[in-house]
Amino acid sequence: MTLAIVLAADAPAASLPTRSGERLADRLADQLRRAGAHEVRHAAGLDELADLVDAATQPVLVTGADLVAHTAVLRHLATSPVGPTVALVLTDPPGDGHTAVREERGQVVGAGPAQALDGEATGVFGGALRVGVDDLPSLAAAARATAAGVVPVGAPSAAAPPPAGPAVDRLFAGLAGLGVLTFAQRVRLLVAHRVGDPAGLAAAEAAVAAVDEDRAELKLSVKERDDFFTTFFVSTWSPYVTKASAKLGLGPTAVTMISVAFAVAAAVLFGTGGRLALVAGAVLLYLGFVLDCVDGQLARYTRHFSAWGGWLDTMADRAKEYVVYAGLGYGATQAGFRYGWALAIAAITLQTVRHMTDTWYGVLHDEAARRPKAVGTAGGGIGDKLNAASNRVQADTGSVSYWLKRTVVFPIGERWALIAITVALFGPLVSLYAVLAWGVLAFAYTGALRTLRARWMRVPVLDTVDATLYRDDGPLARLLPALRPVGPLALAVVAALGPAALLVAALLTRDGAEVPRWAVPVALLVLLVAGLGAGATHAGPLDWLVPAALRAGEFLFAIAVGVVGDVPPWLIFGYVFVLTLHHYDLTARLEKRQSAPPLHGGTLGWEGRSVLLALAAIVGFAGIGMATLGTYLLVVFVGSVALAWVVLPARAARASVGLVGAGGRSPG
């Protein structure tokens with residue numbers, strides 16, 4: 001449900017006749033309905049708009065009455081998945097009184113007169129924005145303050161006079177001044193212009209008519225910037241599959257499931273062995289990756305976005321990749337290589353820890369963009385130089401350095417391409433070695449550069465969220481005293497050294513003497529050192545690495561216990577795989593701004609799980625303990641998924657219907 005408000009105040013163009021003979025404001029209202037708005041209202045002024053917003057219980061789409069655009073532009077704004085509050089941003093030169101915008105990483109970090117942004121404007125406000133439910137009180141406050149001729153409380157320059165210009169521009173500047181997190185919706189391939197006279201209206205209408213809206217939307221379904229393999233070997237033809245899927249009535253979720261089936265079939269063929277099976281598996285893997293791209297393109301083309309779909313896509317991507325690793329590990333073992341499963345375990349561990357750093361570095365960058373004044377130091381330094389160099393390369397789209405930068409980090413497209421090529425030509429063993437070699441190099445490269453840039457940024461991120469949740473602490477860690485002078489990252493790194501040493505010792509004594517029985521509890525005690533950082537403040541410039549370090553420590557301990565306890569390698573892989581589902585569930589919820597899993601408390605925390613594994617190993621039942629704990633965690637995961645995405649939403653929907661049926665007001 002979306003309420004659309006056409007703000008006609010200070011917009012002379014609102015009454016201009018369009019090609020069809022209707023007023024521009026009336027045509028815009030009709031476009032808003034076709035874009036998905038369930039109710040469209042006209043507001044003569046900001047006070048009237050504030051009253052409408054006060055009564056709203058759903059997102060509000062606000063437009064000025066001077067906008068000429070494809071209906072798809074408004075539909076994209078209304079359905080944008082990037083955030084609850086999104087503003088249309090154009091590259092047009094700013095007109096009289098139009099609000100200029102400065103954005104970083106897709107976030108609006110400055111809005112006001114162009115001269116007030118000190119030449120750092122990256123665009124101009126397009127006269128339309130969607131405001132999420134949680135930000136509606138701020139929108140109403142900004143409207144009333146602006147109508148009264150004052151800068152809203154909380155704006156950066158409270159003593160300055162409010163900017164002049166159209167009411168919708170002044171409203172947006174006031175909303176930005178209140179610190180509302182707003183994302184930028186850029187117009188690409190389609191047309192959107194703000195007009196002020198008949199000549200401008202005629203030119204804008206001609207530009208709109210010159211573009212095939214559906215064809216442009218299909219092209220827009222492809223990511224503007226993607227990795228090398230995806231750009232040149234997938235996106236060149238995947239839009240045709242997207243169009244066909246839409247015609248067949250397939251939804252993004254259905255395409256995701258087909259992609260999963262292809263990846264599972266490829267993994268089975270990799271495990272079977274034989275040249276024909278390996279080549280067929282490589283082809284299926286490639287086609288599965290194409291469909292992996294198509295599900296997102298289909299969501300963008302049909303504008304079918306949902307929190308469930310985004311979560312499922314993230315989880316399916318990782319599950320597919322790790323199932324393929326299992327197929328490669330089994331295939332290498334069947335081919336006579338003793339440590340095939342060991343390589344698969346190493347690959348899943350490395351990739352999961354890498355993904356944890358990717359997730360939290362992205363959060364770090366977004367937080368830095370929201371607080372640009374906190375970024376950098378007076379002297380600049382190497383971090384400043386690296387940041388400037390990275391921005392130059394990213395801006396040089398299509399250059400050799402641009403593609404090298406995007407490829408060296410070993411993204412998903414390159415990983416799947418490398419697996420498909422190496423397994424078809426050489427077999428599972430070489431494929432696993434290749435994935436590990438490139439993965440280690442990419443991890444070292446990104447880790448070093450990101451660490452330097454993060455030290456320069458000096459922006460904490462874990463203190464902006466529930467650190468206990470994303471650390472995955474259990475009851476035991478929360479009971480431990482906080483060792484604040486050392487810092488949570490140092491404690492997590494030290495903690496990971498104990499399991500690492502135990503694993504090395506277990507591998508070195510694999511064919512000889514047994515590891516001493518006391519080694520497991522000692523390694524556990526070292527691992528529990530990380531719990532001493534649970535109660536500390538995670539405000540250090542590198543504390544975004546804490547979740548990755550904790551994952552590494554837990555995974556290494558589980559693997560070491562498995563080796564010491566002579567657990568079958570496939571069972572160790574399976575247990576680690578279940579752990580990855582749990583941890584990716586947390587990161588996917590972070591990215592989609594979802595709450596904690598309903599049964600998160602039942603997962604026991606990293607330290608609780610490790611203690612149980614250690615006890616099982618000490619009493620001589622490591623395999624049984626790992627299988628039992630893994631099964632339990634899988635059941636908890638499935639239960640959480642069912643509760644979060646099926647049971648609780650259905651219960652909330654019934655409660656909403658009950659309120660409306662009883663004469664109450666729907667909570668929206």
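## A covered strand and its neighbours

In this predicted model, strand E5, which spans residues 86–90, is mostly covered, with five of its five residues buried. Val-86, Leu-88 and Leu-90 point one way from E5, while Ala-87 and Val-89 point the other way, and the residues on both sides are buried.

E5 pairs with two strands, and the sense of the pairing is given for each in turn. With strand E8 (residues 123–131), E5 pairs in the antiparallel sense over four bridges, and the bridge partner of Val-86 in E8 is Arg-130. With strand E9 (residues 182–186), E5 runs parallel, and four bridges join these two strands; here Val-89 stands opposite Arg-186 of E9.

## Salt bridges across the chain

Side chains of opposite charge can pair when their charged atoms come close. The structure holds 26 salt bridges, and one of them forms between Arg-188 and Glu-224, whose closest N and O atoms are 3.6 Å apart. Because Arg-188 lies in the loop between E9 and strand E10 (192–194), and Glu-224 in the loop between helix H7 (213–220) and helix H8 (228–233), this pair ties together parts that are 36 residues apart in sequence. Arg-188 is partly exposed, with a relative accessible area of 28%, whereas Glu-224 counts as exposed at 60% relative accessibility.

Another salt bridge joins the side chains of Glu-554 and Arg-609, with a distance of 2.7 Å from N to O. Glu-554 belongs to helix H22 (residues 546–564) and Arg-609 to helix H24 (residues 605–618), so this pair ties together parts that are 55 residues apart in sequence. Glu-554 is buried, with a relative accessible area of 2%, and Arg-609 is buried as well, with a value of 0%. Elsewhere, Arg-19, Arg-27 and Glu-205 are joined into one network by salt bridges that share partners.

## Helices H11 and H12

A salt bridge also connects Asp-292 and Lys-320, whose side chains meet at 3.1 Å, N to O. This pair links distant parts of the chain, since Asp-292 sits in helix H11 (residues 275–302) and Lys-320 in helix H12 (residues 307–334), 28 residues apart. Both Asp-292 and Lys-320 are buried.

The axes of H11 and H12 come within 11 Å and cross at roughly 170 degrees. Angles over 145 degrees count as roughly antiparallel, and H11 and H12 are therefore roughly antiparallel to each other. On the H11 side the contact is made by Leu-285, Gly-288, Asp-292 and Asp-295, and on the H12 side by Asp-313, Asp-317, Lys-320 and Val-324; the residues of the salt bridge, Asp-292 and Lys-320, are thus found among those that make this contact.

## Nonpolar cores

The largest nonpolar core has 114 residues, of which Phe-270, Trp-544 and Phe-573 touch the most other members. Helix H13 (residues 340–370) gives the most to this core, with 14 residues. If residues up to four places away in sequence are not counted, the residues that Phe-270 touches include Leu-278, Gly-281, Ala-282, Leu-285, Val-324, Gly-327 and Leu-328, as well as Ile-419, Val-423 and Pro-428. Two of these names, Leu-285 and Val-324, also appear in the contact between H11 and H12.

Apart from the largest core lies another core, of 32 residues, among them Val-108, Phe-125, Val-168 and Phe-172.

Conventions:
Residues are numbered from 1 along each chain as its sequence is written. This is a predicted model: local features need pLDDT of at least 70, side-chain atom pairs count only at pLDDT 80 or more; totals for chains, interfaces and linings use all residues. Side-chain values use heavy atoms; hydrogens and water are left out. Buried means under 20% relative accessible area, exposed over 50%, partly exposed in between (1.4 Å probe, protein chains only). Two strands pair if DSSP finds at least two bridges between them. A salt bridge is a side-chain nitrogen of Lys or Arg within 4 Å of a carboxyl oxygen of Asp or Glu. A nonpolar core is a set of buried Ala, Val, Leu, Ile, Met, Phe, Trp, Tyr and Cys residues joined through side-chain atoms within 4.5 Å. Contact means heavy atoms within 4.5 Å. Axes are lines fitted to C-alpha atoms, for helices over the stretch in contact, and angles run from 0 to 180 degrees between N-to-C directions. Angles under 35 degrees count as roughly parallel, over 145 as roughly antiparallel, 65 to 115 as roughly perpendicular and the rest as oblique.
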